[in-house]
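Me: Could you take one spot in this model and walk me through its surroundings in detail? I'd love to follow the contacts outward from there, one step at a time.

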Amino acid sequence: LTAQWLVSRGARHLLLAARGAPSPEALSSVAQMELKGVSVRVCRADVSNAPQVAALIATTHDSAPLKGLFHLAVVTDDALLVDTTPERFQRVMSGKAAGAWNLYQATRHLDLDFAVFFSSIATAIAQPGQGAYAAANALVDAIATFARERGYPALSIRWGPWVGGGLSSQEGKQRSVSAYAAQGVRPMTPD
């Protein structure tokens, strides 16, 4: 959705990176963007792995100047704090917080127009079981603030609950959307 939004606003060169292989839905979206004349490179990289991020940024910037980035990693593992192990906490932190830090470190020397980190309302209004998720997003917000204070064009957006695709179709996310709605926080659609 973010890539489609960028294309609708004039982006013509995109690099889409994820840990896993793209879904059939994602590949269909890429094909639609390419039909519009957009150059889309899809690759696998784990943003929690600093050397992978550095290599990705270096090879990307060598072929065409990188002008902006969006960090959209999401890992959830809902559990009450008494049931959260260090491994479960690390799993949630790695892609979100370590990924944000690694992207900042790999691009802070570049002349970027923007660096947008997707965060969550969970930093302010967490639901039961979201301790690790709330902490990871709070760290993303802190990294964006830290980077911005050093002249890096960082912005962290604390999104509210979403419906209509992606993680919103998972059972745990549906419970979270319902819990937020009970607190008066209405879910957003992709539009």
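Reply:

## A close look at one residue

Once residues up to four places away in sequence are set aside, serine 119 is in contact with Lys96, Asn137, Val140, Asp141, Ser156, Ile157, Arg158 and Trp159. Please keep in mind that this is a predicted model. Serine 119 sits in strand β4, and its relative accessibility of 4% makes it buried, given that the cut-off is under 20%.

One of those neighbours deserves a closer look. The side chain of serine 119 forms a polar contact, 2.8 Å long, with the side chain of aspartate 141. Aspartate 141 belongs to helix α5, and so this polar contact joins a strand residue to a helix residue. With 8% relative accessibility, aspartate 141 is also classed as buried. Leaving out residues within four places in sequence, it touches Ser119, Thr123, Ser156 and Arg158. Ser156 and Arg158 are familiar from the start, as serine 119 contacts both of them too. Aspartate 141 also comes within 9.4 Å of alanine 100, C-alpha to C-alpha, with their positions 41 residues apart in sequence.

From aspartate 141 we can step to threonine 123, which is found in the loop between β4 and α5. Its relative accessible area is 26%, so threonine 123 is partly exposed. Beyond its sequence neighbours up to four places away, threonine 123 has contacts with Ala134, Asn137, Ala138, Asp141 and Arg158. Asn137, Asp141 and Arg158 also appear among the contacts of serine 119. The loop residue can be placed by a distance as well: the C-alpha atoms of threonine 123 and alanine 135 are 6.8 Å apart, for a separation of 12 residues in sequence.

Now to helix α5 itself, which runs over residues 131-148. Its 18 residues should span 26 Å at 1.5 Å a residue, and the C-alpha atoms at its two ends are 26 Å apart, which agrees. Its buried residues are Ala132, Tyr133, Ala134, Ala136, Asn137, Val140, Asp141, Ile143, Ala144 and Ala147. Asn137, Val140 and Asp141 from that set are residues that serine 119 contacts. The buried residues of α5 pack against α4, β4 and β5, the last of these being residues 154-159. The contacts of serine 119 with Ser156, Ile157, Arg158 and Trp159 therefore reach into β5, just as aspartate 141, counted as buried at 8%, reaches that strand through Ser156 and Arg158. Farther along the chain, arginine 150 lies over the face of phenylalanine 146, 3.5 Å from the ring centre.

Next door to serine 119 in sequence, the view changes from polar to aromatic. Phenylalanine 118 is buried, as its relative accessible area is 13%. Its ring and that of phenylalanine 70 have centres 6.0 Å apart and planes at 90°, so the two are edge-to-face. This pair bridges distant parts of the chain, with phenylalanine 70 in strand β3 (residues 68-71), phenylalanine 118 in strand β4 (residues 114-120), and 48 residues separating them. Phenylalanine 70 counts as partly exposed, at 23% relative accessibility. Both rings belong to a cluster in which ring pairs link Trp5, Phe70, Phe114, Phe118, Trp159 and Trp162. Trp159 brings us back to our starting point, being one of the residues in contact with serine 119. The model has 9 aromatic pairs by the same ring criterion.

The remaining direction to follow is towards α4, one of the elements that the buried residues of α5 pack against. Serine 94 lies in this helix and is buried, with a relative accessible area of 14%. Apart from neighbours within four places in sequence, its contacts are Ser48 and Gly99. Helix α4 (86-107) also takes part in the packing of α3, whose buried residues rest against it as well as against β1 (13-18) and β2 (39-44). In α3 those buried residues are Val53, Leu56, Ile57 and Thr60. Viewed down the helix axis they fall within an arc of 95°, so they line one face of α3. Pro51 and Asp62 are exposed on the other side. At the N-terminal end, asparagine 49 caps α3, with a side-chain oxygen 3.0 Å from the backbone nitrogen of glutamine 52.

Notes. Residues numbered from 1 in each chain as written. Predicted model: local features only at pLDDT ≥ 70, side-chain atom pairs only at ≥ 80, totals over all residues. Heavy atoms only, no water. Buried < 20%, exposed > 50% of the residue type's maximum accessible area, 1.4 Å probe, protein only. Helix = DSSP H or I, 4+ residues; strand = E, 2+ residues; numbered from the N terminus. Arc of directions from axis to C-beta. Contact = heavy atoms within 4.5 Å. Polar contact = N/O pair within 3.5 Å; in protein donor to acceptor, adjacent residues only side chain to side chain. Phe/Tyr/Trp six-rings, centres within 6.5 Å; stacked < 30°, edge-to-face > 60°. Lys NZ or Arg CZ within 6 Å of the ring centre and 35° of its normal. Expected span 1.5 Å × (residues − 1).
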